[in-house]
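Trainee: Could you show me how to read the features of a protein model, step by step?
Mentor: Gladly. Let us open the model and begin with the overall picture.

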Amino acid sequence: MNVEDFRKYCLSLNGVTEKMPFGKATSQYDRNLLVFSIGDKWFCLVNIEVFDFCVLKSEPDLIEELRIQYDSIRPGYHMNHKHWISVYFNTDLDDKNILKLVKESYQLVLESLPKKEQAKYL
């Protein structure tokens, strides 16, 4: 998978927007983070230059199980480790399953929105 295919997939999800909010970050890595959101809530972050991993929201009950099962899943970069994971590309988790985790992250965030706002995206 490459960054453009990944970006296209994220933007194909209903109501998704993208932005690069870290333009003033001290590290070049953080300045290159692209954030995908539904409503005003983030569900995915990825570095568009390095494209080494993405950060996704996940069910707290599943995070430890995922981390045990896959070397490619680690604590969420700069995020609350109880709710976020970093998923590394080109390791022991194939692209299909990475995109499945992206979709699950999207769904989690969508379900957290007020019902009225959710209805806009369904």
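We will go from the fold to the charges, and then to the backbone.

Trainee: Before anything else, what kind of model is this?
Mentor: This is a predicted model, so please keep that in mind as we go.

Trainee: How many helices and strands are there in the chain?
Mentor: The chain has 5 helices and 6 strands. From start to end of the sequence, their order is α-β-α-β-β-β-α-β-β-α-α.

Trainee: Which radius of gyration would a compact globule with 122 residues have, and what does the chain have?
Mentor: The rule of thumb puts a compact globule of 122 residues near 14 Å, and the chain agrees because its own value is 14 Å. For another view of the dimensions, the C-alpha atoms fill a box of roughly 40 × 35 × 25 Å along the principal axes.

Trainee: What share of the residues in the chain is buried?
Mentor: A residue counts as buried when its relative accessible area is under 20%. Here, buried residues account for 39% of the 122 in the chain.

Trainee: Now the charges, please. How many salt bridges does a search of the whole structure find?
Mentor: The idea is to look for a side-chain nitrogen of Lys or Arg within 4 Å of a carboxyl oxygen of Asp or Glu. The search returns 3 salt bridges.

Trainee: Where do Arg7 and Glu4 lie?
Mentor: Both belong to helix α1 (residues 3-12), and they are 3 residues apart, about one turn of the helix. Their side chains form a salt bridge with an N to O distance of 3.5 Å. Glu4 counts as partly exposed because its relative accessibility is 38%, and Arg7 is also partly exposed, at 26%.

Trainee: What separates the closest N and O atoms when Arg7 forms a salt bridge with Glu18?
Mentor: Those atoms are 2.6 Å apart in the salt bridge of Arg7 with Glu18. This pair links distant parts of the chain, with Arg7 in helix α1 and Glu18 in strand β1 (residues 16-19), 11 residues apart. Glu18 is partly exposed, with a relative accessible area of 30%.

Trainee: And how should I read the bridge between Glu64 and Arg67?
Mentor: Start with the distance: the closest N and O atoms of Glu64 and Arg67 are 3.9 Å apart. Then ask about exposure: Glu64 has a relative accessible area of 46% and Arg67 has 35%, so each is partly exposed. Finally, place the pair: Glu64 and Arg67 both sit in helix α3, 3 residues apart, about one turn of the helix.

Trainee: Which residues do salt bridges with shared partners join into one network?
Mentor: That network consists of Glu4, Arg7 and Glu18.

Trainee: What about charges without such partners? Which residues gather in a patch of negative charge on the surface?
Mentor: To find a patch, one takes residues with no salt bridge and over 30% relative accessible area, and joins like charges within 9 Å. In this model, Glu59, Asp61, Glu104 and Glu111 form a negative patch on the surface. Glu59 is located in the loop between β4 (53-57) and α3 (60-69). With a relative accessible area of 38%, Glu59 is partly exposed.

Trainee: Where does Lys103 lie, and is it buried or partly exposed?
Mentor: Lys103 is part of helix α4 (residues 95-112). Its relative accessible area of 35% makes Lys103 partly exposed. Lys103 and Lys82 are 21 residues apart in sequence, and their C-alpha atoms are 19 Å apart in space.

Trainee: Let us end with the backbone. What is the sign of phi in most residues other than glycine?
Mentor: Most residues other than glycine have a negative phi. His78 has a positive phi of about 60°, although it is not a glycine. Asn90 also has a positive phi, near 55°.

Trainee: Where are His78 and Asn90 found?
Mentor: His78 is in the loop between β5 (73-75) and β6 (84-88), while Asn90 is in the loop between β6 and α4. Residues over 50% count as exposed, so His78 at 61% relative accessibility is exposed, and so is Asn90 at 65%. As for spatial context, His78 and Val55 are 23 residues apart in sequence and 9.1 Å apart in space, C-alpha to C-alpha.

Terms used: Residues numbered from 1 in each chain as written. Predicted model: local features only at pLDDT ≥ 70, side-chain atom pairs only at ≥ 80, totals over all residues. Heavy atoms only, no water. Patch = residues over 30% accessible without salt bridge, like charges linked within 9 Å, V, L, I, M, F, W, Y side chains within 5 Å. Areas by Shrake-Rupley, 256 points an atom, 1.4 Å probe, with all protein chains shown as cover. Lys, Arg positive; Asp, Glu negative; His and termini not counted. Charge placed at Lys NZ, Arg CZ, Asp CG, Glu CD. Helix = DSSP H or I, 4+ residues; strand = E, 2+ residues; numbered from the N terminus. Buried < 20%, exposed > 50% of the residue type's maximum accessible area, 1.4 Å probe, protein only. Rg over C-alpha atoms; globule rule 2.2 N^0.38 Å.
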